[in-house]
Amino acid sequence: MLLSVVVYGAMFGWRYAAGFVGLIFFHEMGHYLTARQRGLNVGLPTFIPFVGAWIQLKEQPHDAETEAYIGIAGPVLGTVAAFACYLLADGQSGLLLALAYAGFILNLFNLIPVSPLDGGRVLGIVSPKVWGVGLIALIGTFFIQPNPLIALIAIMALPQVWSAWTGKTQVPAGYYSVAPVVRYKYLAQYLLLVGFLGVMSETVHQQMATGL
């Protein structure tokens, strides 16, 4: 975390860097706390500048519901942190507004429905074949905003998308066997969160474009 603050601080100033790393920390702690709640052995967040952060699951979820529960918790807590920045900005602080925008975009990007992103882990409970749509969205994002990290994520996602569409996913038998109501619950939560993040991202963008 400290290294990330130093690196980002050299480019954007230490106050923005500290806030940005803090937003990532809240996101990852959402995953960490829910993984611990479900009894999984998990490591604290690991940070790498320009890559982001992740938690190391030392044991994998035993079913798709647990994976979706842990997957959506990161964007939820990350969104709460970004919204707190937005409220504290109160239309006056450009720094806090910039952090809120970064937080909303960061969590919205993470909800692209392709594994290994959080959106893929959440919507995998609906059907792993959704990852194909997410991969297309990821490729589209790369052409709109070229970034080596997006290309790397797409390359990592390809084998999993192929496995999902060929029915060769390497998960325990019954992993995706959940009640329809559970699928609908996570789908609804996902859509509400994506919708909220989309609206807030555009709202903050407009405020920044017009000088608060």
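Here are some questions and answers on how a few labels were reached for this predicted model.

Q: What makes the protein chain as compact as a globular protein of its length?
A: Start with the make-up: there are eight helices and two strands, running α-α-β-β-α-α-α-α-α-α from the N terminus. The radius of gyration is 17 Å, close to the 17 Å that the globule rule gives for 212 residues, so the chain earns that description. As for the outline, the C-alpha atoms fill a box of roughly 55 × 35 × 30 Å along the principal axes.

Q: How do you know what share of the contacts in the protein chain join residues at least 24 apart?
A: Take the contacts between residues at least 6 apart in sequence, and 65% of them turn out to join residues at least 24 apart. A contact here needs heavy atoms within 4.5 Å. On the burial side, 42% of the 212 residues count as buried.

Q: Why is Thr34 called buried?
A: Buried means under 20% relative accessible area. Thr34 has 11%, so buried is the right word. You'll find Thr34 in helix H2, and, leaving aside neighbours within four places in sequence, Thr34 is in contact with Tyr69, Ile70 and Ala73.

Q: What makes the pairing of Thr34 with the backbone oxygen of His31 a polar contact?
A: The cut-off is a pair of N or O atoms within 3.5 Å. A polar atom of the Thr34 side chain lies 3.1 Å from that His31 oxygen, so the distance passes the 3.5 Å limit.

Q: Why is Ala173 called exposed?
A: Exposed means over 50% relative accessible area. Ala173 comes out at 82%, so the label holds. Ala173 is found in the loop between H7 and helix H8 (180-209). In space, Ala173 and Asp63 are 9.4 Å apart, C-alpha to C-alpha, with their places 110 residues apart in sequence.

Q: And Ile155, is that residue buried or exposed, and why?
A: Exposed: the relative accessible area is 55%, and the label calls for over 50%. Ile155 sits in helix H7. From Asp63, Ile155 is 92 residues away in sequence and 25 Å away in space, again C-alpha to C-alpha.

Q: How do you know which helix gives the most to the lining of the largest pocket?
A: Go by the residues each element supplies: H4 gives the most, with eight. Several elements supply at least two residues each, among them helix H1 (2-12), strand S2 (52-54) and helix H3 (64-89). The pocket has a volume of about 1,600 Å³ and is lined by 45 residues, with Val51, Leu106, Phe109, Asn110 and Leu149 nearest its centre.

Q: What makes up the lining of the largest pocket, by class?
A: The split is 32 nonpolar, nine polar and four charged residues.

Q: What about the second largest pocket: how many residues of each class are in its lining?
A: Seven are nonpolar, six polar and two charged. The second largest pocket holds about 330 Å³ of space. Of its 15 lining residues, Glu67, Gln160, Gln170, Val171 and Tyr176 are the closest to the centre. H7 supplies the largest share of this lining, three residues.

Definitions and conventions: Residues are numbered from 1 along each chain as its sequence is written. This is a predicted model: local features need pLDDT of at least 70, side-chain atom pairs count only at pLDDT 80 or more; totals for chains, interfaces and linings use all residues. Side-chain values use heavy atoms; hydrogens and water are left out. On a 1 Å grid over the protein atoms alone, a cavity is a set of points where a 1.4 Å probe fits but cannot get out, and a pocket is an open set with protein on both sides within 12 Å along at least five of seven lines; lining residues have an atom within 4 Å of a point. Grid points are joined across faces, edges and corners, and a volume is the space filled by probe spheres set on the points. Helices (H or I, at least four residues) and strands (E, at least two) are DSSP runs, numbered from the N terminus. Ala, Val, Leu, Ile, Met, Phe, Trp, Tyr, Cys and Pro count as nonpolar, Asp, Glu, Lys and Arg as charged, and the others, Gly among them, as polar. Buried means under 20% relative accessible area, exposed over 50%, partly exposed in between (1.4 Å probe, protein chains only). A polar contact is a pair of N or O atoms within 3.5 Å; within protein, one must be able to donate a hydrogen and the other to accept it, and residues adjacent in sequence count only if both atoms are side-chain atoms. The radius of gyration is taken over C-alpha atoms; the globule rule is 2.2 Å times the number of residues to the power 0.38.
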